[in-house]
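Got the viewer open and a cartoon view ready? Let's take a walk through the chain, one selection at a time.

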Amino acid sequence: NTFTGGVDLQAGGLILGTNTSLGSGILNVSAPTASISASATLSGATNTITLANSNTSLTLGNFGGAAMTLSGPVTWSSGATVSRTITVNAAAAGGGTFNAQTLSGAITGSGTLVKQGVGILALTGLNACSFNLTGAQAIQILNGTLQINGASSNDAALGFAPGAVVSNNIVLNGGVLSDTTTAATLNPSRGISLGATGGVLE
């Protein structure tokens, strides 16, 4: 598609067929609960994404199931802290292999990220100067895998680090915190707390 006016997702969800399905405008997600999926592998849809403060639940990859990379910049919140649950359940056709749903653009805003669903949410952008997840329990991995890019040998994908030690900045309660092909070092101020069902670092 070549339209430039943008898309406002006010209810329901979108299934994208190509990297240019959304044209060249902004994708604004204003629905309180919304989903974005791909029917075929998307290597990099470059649209700017604005997640309205009203959106508190976003599902990636649940419908269509293909690997999807959204590479445009993402606005997490505007003028407020937002707690948002991102659910990822995508699986390849035939089952058994989970396709990562990737946000590779820089994320701007503040609040809480709650990872749900058995699939892989990959954050691969350099968010160290723009994404504020520094509070207590600001990163909650309750199911599946949250994967960060270790290419810079640090945890920049998780945003800037707390200014002082926060013992439960990351909560593992049934999920996995993973890096990509290169080992990543977590900032020492980013404490990890284990919930009743524990978790995995890999």
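Before the first stop, one term: two strands count as paired if DSSP finds at least two bridges between them. Also keep in mind that this is a predicted model.

**Stop 1: three strands in a row.** Select residues 57-60, which is strand S7, along with residues 81-88, strand S10. The two run parallel, and four bridges join them. For one contact to zoom in on, show threonine 59, which stands opposite threonine 87 in S10. Now add strand S12, residues 107-116. S10 pairs with S12 in the parallel sense too, over seven bridges. Pick threonine 85 here and look across to S12, where its bridge partner is valine 114.

**Stop 2: a charge over a ring.** Show the side chains of arginine 84 and tryptophan 76. The arginine lies over the face of the tryptophan, at 4.6 Å from the ring centre.

**Stop 3: strand S16 and its neighbours.** Jump to S16, residues 145-148. In a regular strand, side chains alternate between the two faces of the sheet. What covers the faces of S16, and which residues sit on each side? Turn on the side chains: Thr145 and Gln147 are on one side, Leu146 and Ile148 on the other, and all are buried, with both faces of the strand covered.

Next, select strand S13, residues 120-123, which pairs with S16 in the parallel sense over four bridges. Leucine 123 stands opposite isoleucine 148 there. Then bring in strand S18, residues 175-179, which also pairs with S16 in the parallel sense, again over four bridges. Here leucine 146 has leucine 177 in S18 as its bridge partner.

**Stop 4: the salt bridge.** The structure holds one salt bridge. Select arginine 190 and aspartate 155, whose side chains meet at 2.7 Å, N to O. Arginine 190 lies in strand S19 (residues 190-194) and aspartate 155 in the loop between S16 and strand S17 (166-172), so the pair ties together parts that are 35 residues apart in sequence. Are these two buried or exposed? Arginine 190 counts as buried because its relative accessibility is 3%, and aspartate 155 counts as buried at 6%.

**Stop 5: out to the surface.** Switch on a surface and colour Ile192, Leu194 and Leu201. They form a nonpolar patch with about 280 Å² of accessible area together. Leucine 201 is found in strand S20, residues 199-201. With 53% relative accessibility, leucine 201 counts as exposed, since the cut-off for that is over 50%.

Note on methods: Residues are numbered from 1 along each chain as its sequence is written. This is a predicted model: local features need pLDDT of at least 70, side-chain atom pairs count only at pLDDT 80 or more; totals for chains, interfaces and linings use all residues. Side-chain values use heavy atoms; hydrogens and water are left out. Patches are made of residues with over 30% relative accessible area and no salt bridge: like charges are joined within 9 Å, nonpolar side chains (Val, Leu, Ile, Met, Phe, Trp, Tyr) within 5 Å. Accessible areas come from the Shrake-Rupley method with a 1.4 Å probe; for residues, only the protein chains shown count as cover. A salt bridge is a side-chain nitrogen of Lys or Arg within 4 Å of a carboxyl oxygen of Asp or Glu. Buried means under 20% relative accessible area, exposed over 50%, partly exposed in between (1.4 Å probe, protein chains only). A charge sits over a ring if NZ of Lys or CZ of Arg is within 6 Å of the ring centre and within 35 degrees of the ring normal.
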